Amino acid sequence: RRINVPRESTTELMDHAPTSEETKTGVEVEPQAAADVESATKAADATQSTMHVQSLPIRAYLDTTVVPILLDGMSALVKERPPNPVEWLAAYLIKNNPQGRPGAASPTPGGPSAA
């Protein structure tokens, strides 16, 4: 199927240099709308990543989410050698939370904070 386009329209299209957003999508987008699209894309990627992590087997889940920061904390703990290593490590983990949400996890009943 062919679409007839007037010659002056094709000349205008050829003279128009696409923006980076147009190049990616092939659709002309206003700068603010492009920022909104990028923000929504990042949010969707984060959700998909979270869903992927939650579906991993136990070992892979721990290796992906906990082990890296735990190893960093334990290395720092060995260098520091504080008198209260468990509390020091807990504070280190909260301070260096890679998810960027200190205090996001609420204490569970019977957990470490229920003394």
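**Notebook: a look at helices H4, H5 and H6**

I started at alanine 90, which lies in helix H6. Note to self: this is a predicted model. Is alanine 90 buried or exposed? Neither, quite: its relative accessible area is 36%, so I put it down as partly exposed, since that label covers values between 20% and 50%.

Next I checked how alanine 90 sits relative to glycine 73. The two are 17 residues apart in sequence, and I got 8.8 Å from C-alpha to C-alpha.

Then I looked at the helices themselves. How do H5 and H6 cross? The axes of H5 (residues 67-80) and H6 (residues 85-95) come within 10 Å, and the crossing angle is roughly 135 degrees. I therefore wrote down H5 and H6 as oblique to each other. For handedness, I noted that H5 and H6 make a right-handed crossing.

On to the loop between H5 and H6, where I found arginine 81. Its phi caught my eye: it is positive, about 50 degrees, and this residue isn't a glycine. I remembered that most residues other than glycine have a negative phi. Arginine 81 also counts as exposed, because its relative accessibility is 66% and the cut-off for exposed is over 50%.

Last stop was helix H4 (residues 58-65), which holds leucine 62. Leucine 62 has a relative accessible area of 36%, so I logged it as partly exposed. Which residues make the nonpolar surface patch with Leu62? I listed Ile58, Tyr61 and Val66 as its partners, and the patch comes to about 360 Å².

Terms used. Residues numbered from 1 in each chain as written. Predicted model: local features only at pLDDT ≥ 70, side-chain atom pairs only at ≥ 80, totals over all residues. Heavy atoms only, no water. Patch = residues over 30% accessible without salt bridge, like charges linked within 9 Å, V, L, I, M, F, W, Y side chains within 5 Å. Areas by Shrake-Rupley, 256 points an atom, 1.4 Å probe, with all protein chains shown as cover. Salt bridge = Lys/Arg side-chain N within 4 Å of Asp/Glu carboxyl O. Helix = DSSP H or I, 4+ residues; strand = E, 2+ residues; numbered from the N terminus. Buried < 20%, exposed > 50% of the residue type's maximum accessible area, 1.4 Å probe, protein only. Axes fitted to C-alpha atoms, helices over the stretch in contact; angles between N-to-C directions. Parallel < 35°, antiparallel > 145°, perpendicular 65-115°, else oblique. Left-handed = near helix turned anticlockwise from the far one by under 90°.
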